Amino acid sequence: MTGRKIGVVVCQCGGNISDYVDTEKVRAEAAKEGDVVSTQVQMFACSDAAQQAVIQEIREKKLDGIVVCSCSPKLHTATFRAMAERAGLNPYEYTQVNLREQCSWAHTHDRAAATEKGIRLVRAGIAKTALSRPLEKMRVETLPQALVIGAGIAGLRSALALSDLGISVHLIERADRPGGQVRRWGTLFPNDKAGKDLIEDLVRRVHERDNIQLYLGTELVERSGRVGAFSVKVRAPTGDLISLDVGAIVVATGFEPYTPAAGEFGYGLDGVLTLPELKELLAATPGPLVYRGRPVRSIAYVYCVGSRQPAEGGTQRTYCSRYCCSATSHLATVVTGLDPAVHQFHLFRDVRTYGKYEALYERALKGGSVFLRYSEEDLPTVVREDGGLVVRIHDRLLAGEEVEIRPDLVVLVTGMIPRANDDLVRNLKLPIGPDGFFREVHVKLRPVETVVDGVYIVGTAQGPKNVAESVATALASVSKAGALLLKGYVDLDPLVARVDPTLCEWCGECQTACPYGAIDEVEYGDRHIAQVNAVLCKGEGACVPACPKAAISVQGYTNEQITSMIDALAKEVA
Amino acid sequence: MKVDTGFLESLRLGGEFDARLCMNCGTCTALCPLGLEILPRRLFRHALLGDRERVLGESEAIFSCLLCRLCEANCPAGVHIAENVRSLRVVLNGEARGLAEA
Ligand SMILES: Cc1cc2nc3c(=O)[nH]c(=O)nc-3n(C[C@H](O)[C@H](O)[C@H](O)COP(=O)(O)OP(=O)(O)OC[C@H]3O[C@@H](n4cnc5c(N)ncnc54)[C@H](O)[C@@H]3O)c2cc1C
Ligand code: SF4
Ligand code: SF4
């Protein structure tokens, strides 16, 4: 007994729980726990009426802790924290026990055992609540300034849109000119605009803005601080370090085209080019296509080179690069436009000219392109024989019969791969997916946010995209950054790690364990100790078991709380 | 088979042959009242890929076709099948003339 006054609400979830767990028995057992002064069963605890009843109970009985035994905390933590707050209770004195996903739904075959388990889970929740302390949200200021890394089309577009909102932008670009890949490609699908013109127009607008500063040949070398107030250092081409204070960081560092291995589909042979190489060749030569002084009469394209690979090996290139089917179909129409007599053969696995880009595929077909399908198990081959290129493929529409093509050019339709950016990843603590691209928090609902608050990933840095998609994510990040920076402050959850300065002897173990760089070494009297940057800390607790002195714990999940929960779970068993 | 771009060019010159939108579904073959198996889809594929020998080797089927357009009326891809058969006849005639002259 701790002298706390805890209330327990057992939810039936309209039968989802009560069909398999005896909720009345769970309530009765909860009522026997020392600190519990109020218990009730609700049909739907999350309903307005039930919340109102609980609020009334909290007020009348002057409860100082509340346990709701219902569904997954992922679903309703925010709901019930808000309910506790409306009742005048500190929201961090609320605990959710998962009687549904972790009990009733998992044990539909055994009501007695499910009920027994439910009772233990509830006891643990009560034990944790008995040791809870009121915590306050951390309100921190945000600066109306942003850093955009990478001045490709995504970075340029982000910078302009941030500037529109009145947010000042530092736009840093590693190369000595802005524009990224798009500048190289000549005419782009879907509307035949030249990449160079698109870029030059954006760059001109960037230069016109007073609140955008473009730094070329510049890279990020250091980042510290927290969401809303990062301190970064960038290195200019002169070698000088420039310090900048920004509230948010947009990462728009793009992709790299895949480079085939020597011999991969004949790469390295005279006349075998990648799609980027052909795009550059076309952009550089006016009029019909000429290669090494000879007019090109026929082309064979091999699709999916470097994309959609089997899942073996280290970094996985199982993904579709998205842009390439559309870009190649479009390119075929450009080639036909220059010289309708050129024969074009497309060796594809699947045609993925999705959405509106389907029109490009049809245009290519109507322009005379012939499509031949190959499968992952049976790849086309490219060799040089008798002074010419020979491509062989088993045509599925001819029941696998071998078709031999002797084209003037073979074009490997290479995919996108992540750009090597180790320093940036280290400095920003950016999470990377199994494919090597930067990883978002939630694929559907939070597509441009990362686990590092205030750091956004846009364009092809996050994964393969065409220009329109890259720009769409660039603008999405601006709405996220705008919402963060224009309010002027941000409220952060206080469920973060905390160091007991009397126990800590600074060995650095916690700093090594922390994936978010949230632990600093600071002076404390004549000693050095660890200090948690509460704003960077995600409260995930990797540091806790690493500390040999048990000097660090996560608020809301202290060692004492966890131990008492284990005791409560194992009561009568151990 | 070997793609013969020269033959592809003579197909182009020969007239209106255009089977690019054919998706090889086989509706035409199934419907053909003469049961011409090779026509039109296999044949069209050979033609699209410039397989001169095979197309010439199917002259009997090409000239047997009734041009009834039953297949064409039902082709989901809207291929002008009869027109194509006709232009293949033109090409075949041209080739035969060429052979006779040579
Ligand atoms: C051959 C080819 C043809 C294509 N054709 C089309 C088309 O016709 N239509 C279409 O819609 N899409 C097309 N695409 C896709 C298009 O290129 C991309 O969608 C677009 O380039 C993505 O822009 P981005 O800004 O994300 O990346 P990028 O263009 O790669 O730009 C990223 C920028 O970030 C910079 N950078 C990288 N790391 C750092 C760092 N650490 N610090 C500072 N700066 C850094 C780079 O130097 C670069 O300037 C094509 C792609 C290829 C490969
Ligand atoms: S877009 Fe097309 S060529 Fe590119 S990886 Fe996907 S399926 Fe292959
Ligand atoms: S019905 Fe039309 S699309 Fe189908 S195989 Fe015949 S010609 Fe091709």
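How much area do chain B and chain A bury between them? About 1,700 Å², with 57% of it on carbon and sulfur atoms. Buried area here is the accessible area (1.4 Å probe) that two parts lose on being put together, summed over both. The size of an interface is often given in just this way, as accessible area lost when the parts come together.

Before we go on, some ground rules. This is a predicted model, where local features need pLDDT of at least 70 and side-chain atom pairs count only at pLDDT 80 or more, while totals for chains, interfaces and linings use all residues. Residues are numbered from 1 along each chain as its sequence is written, chains are lettered from A and ligands numbered from 1 in the order in which they are written, and side-chain values use heavy atoms, with hydrogens and water left out.

Let's stay with the interface. Here 17 residues of chain B are in contact with 21 residues of chain A, contact meaning heavy atoms within 4.5 Å. Two salt bridges are counted between chain B and chain A. A salt bridge is a side-chain nitrogen of Lys or Arg within 4 Å of a carboxyl oxygen of Asp or Glu. One salt bridge pairs Asp395(A) with Arg45(B), and the closest N and O atoms are 2.8 Å apart. We also find nine residue pairs in polar contact across this interface, with both residues at pLDDT 80 or more. A polar contact is a pair of N or O atoms within 3.5 Å; within protein, one must be able to donate a hydrogen and the other to accept it, and residues adjacent in sequence count only if both atoms are side-chain atoms.

Which elements give two or more residues to the side of chain B that touches chain A? They are helix H1 (5-13) and helix H3 (41-48) of chain B. Helices (H or I, at least four residues) and strands (E, at least two) are DSSP runs, numbered from the N terminus. By class, that side of chain B has six nonpolar, three polar and eight charged residues. Ala, Val, Leu, Ile, Met, Phe, Trp, Tyr, Cys and Pro count as nonpolar, Asp, Glu, Lys and Arg as charged, and the others, Gly among them, as polar.

Now for the ligands, starting with ligand 1. It is surrounded by 31 residues, and the closest are Glu173(A), Phe189(A), Thr460(A), Lys465(A) and Val467(A). To be near a molecule or strand, a residue needs one of its heavy atoms within 4 Å of it. Look at the oxygen atoms of ligand 1. One is 2.7 Å from a polar backbone atom of Phe189(A), a backbone N or O atom of Val467(A) lies 2.8 Å from an oxygen, and a polar side-chain atom of Trp185(A) lies 3.0 Å from an oxygen. Taken alone, ligand 1 exposes 1,000 Å², and the protein buries 98% of that; these accessible areas come from the Shrake-Rupley method with a 1.4 Å probe, and for residues only the protein chains shown count as cover. Helix H6 (153-164) and helix H12 (467-487) of chain A each supply at least two residues of the shell, which has 14 nonpolar, twelve polar and five charged residues.

Phe189(A) comes back for another reason: the peptide bond from Phe189(A) to Pro190(A) is cis, with omega near -5°. Pro190(A) sits in the loop between strand S7 (168-172) and helix H7 (195-208) of chain A. Lys62(A), which is not a glycine, has a positive phi, near 50°. For background, most residues other than glycine have a negative phi, and most peptide bonds are trans.

On to ligand 2. Its surroundings include Tyr303(A), Cys304(A), Cys320(A), Cys324(A) and Cys325(A), and strand S17 (298-305) and helix H9 (323-338) of chain A each give two or more residues to this shell. Around ligand 3 we find residues of chain B, among them Cys22(B), Cys25(B), Cys28(B) and Cys75(B). That shell divides into eight nonpolar, three polar and one charged.

Last, back to salt bridges: the structure holds 46 over all chains. In one of them, the side chains of Glu93(A) and Arg4(A) meet at 3.0 Å, N to O. Why does this pair tie together parts 89 residues apart in sequence? Because Glu93(A) lies in the loop between helix H3 (73-86) and strand S4 (94-98) of chain A, and Arg4(A) in the segment before strand S1 (6-11) of chain A. Thanks, everyone!
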